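The following paragraphs lead through the strand pairing of a predicted model. Please keep the sequence and the coordinates at hand while reading.

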Amino acid sequence: MPNQIGPEQGLLGFDFHPNFPADPRIFVNYNPGMWQGPGPTYVAEFTLDPNDPNKVDPASERLVIAISQPASNHNGGMIEFGPDGMLYIGMGDGGGADDQFDTGRDKQSLHAKILRINVEPDGTPDSNEPCGQCEMLDGFDYTVPADNPFVDDPEFAPEVYAWGFRNPWRFTFDQDGTLYAANVGQNQWEEVSVVAAGADYGWSLMEGNHCFNGGCDDGKGVNEVNDQGLTTPIAEYNHGEGCSITGGTVYRSCEVPEWNGTYFYGDYCSGGVYALNWDGTNVELLGVVAGQEDRILGSGSNGFGDVLFTVVQLDGFNAPVDGKILRVVPQ
């Protein structure tokens, strides 16, 4: 595991096997990043230490997939098992600015996508091509689900579930299978989308529901498909309010029944927590519902269905010096 981090590098994603603890496997997404150069994205499997169920056995690492990173930022990094038992992987556009590596519109690239794979090995090592010059080139072994949306389309990499994301920074499945994803914008717009199989979310033709790179149809409503075949977000806010969205989770706790089904998300710069209600057709934007002083980096939920956010304090050099886990509660 990495012991050095750079911007948007290090340990970025973590999930238990759907049958945990009967199946004692844990999956992580990490970049062995260093300040002098970007490391690749690794998605790896670990098993629990047989002598200590509170730890993983570092020697048990099995590399599931590795994907090269041309720059240190926009690594995505979120992984989560869906209700279908498949592993979903968020990948940013490779970094830089203005989609400089041209991955947003590249159907073969695994960048700027949400991927969907079956982590179970089939005994046949998979292609190492997406990782280029990565270390540990032997042993990638995963399965592409037969019902992936582009599995029979030679224009697309078969692992792709949805595409057109600049940097999907935290996504979550609700209990009904709805997939919410927050997508970090560039200079003006942060967005939340409801992700469907095969859909195109616009980057780098659009940023939010606004043209970014040339002309486009920016007149559609929420979660509609425009004239270029791009699906619009269900929510957005501009950089007058914040600068970098952090996706959250859906409230499913019993403490506040009227919050049931509300999706919460935050902004890294402002520390504000937003909320919305989505009924599958219409969205109710609740705006900023809470505030705090630290930087919102991540999110999650507990066994009760509460919404949690991870936050950090920064020193004078913008380096994290302390972290906390906050729970969203009534005022």
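A residue is called buried here when its relative accessible area is under 20%, computed with a 1.4 Å probe on protein chains only. By that criterion, seven of the nine residues of strand 3 (residues 41-49) are buried, and strand 3 is therefore largely enclosed by the rest of the structure.

The pairing of strand 3 can be followed through its partners. Strand 2 (residues 25-31) runs antiparallel to strand 3 and is joined to it by six bridges, with Ile26 standing opposite Phe46 of strand 3. Strand 5 (residues 62-67) is likewise antiparallel to strand 3, here through five bridges, and in this pairing Tyr42 stands opposite Ala66 of strand 5. Strand 4 (residues 52-56) is joined to strand 3 by two bridges, again in the antiparallel sense; Leu48 stands opposite Val56 of strand 4, and strands 3 and 4 form a hairpin with two residues between them. In general, the strands of a sheet pair through backbone hydrogen bonds, either parallel or antiparallel.

Further along the chain, four strands form an open sheet in the order 6-7-8-9, with antiparallel pairing. Its edges are strand 6 (79-81) and strand 9 (160-163), each of which pairs on one side only, and the twist from one strand to the next averages 20°. At the edge formed by strand 6, the pairing with strand 7 (residues 87-91) is antiparallel and extends over three bridges, and the bridge partner of Ile79 in strand 7 is Ile89.

Definitions and conventions. Residues are numbered from 1 along each chain as its sequence is written. This is a predicted model: local features need pLDDT of at least 70, side-chain atom pairs count only at pLDDT 80 or more; totals for chains, interfaces and linings use all residues. Side-chain values use heavy atoms; hydrogens and water are left out. Two strands pair if DSSP finds at least two bridges between them. Axes are lines fitted to C-alpha atoms, for helices over the stretch in contact, and angles run from 0 to 180 degrees between N-to-C directions. Buried means under 20% relative accessible area, exposed over 50%, partly exposed in between (1.4 Å probe, protein chains only).
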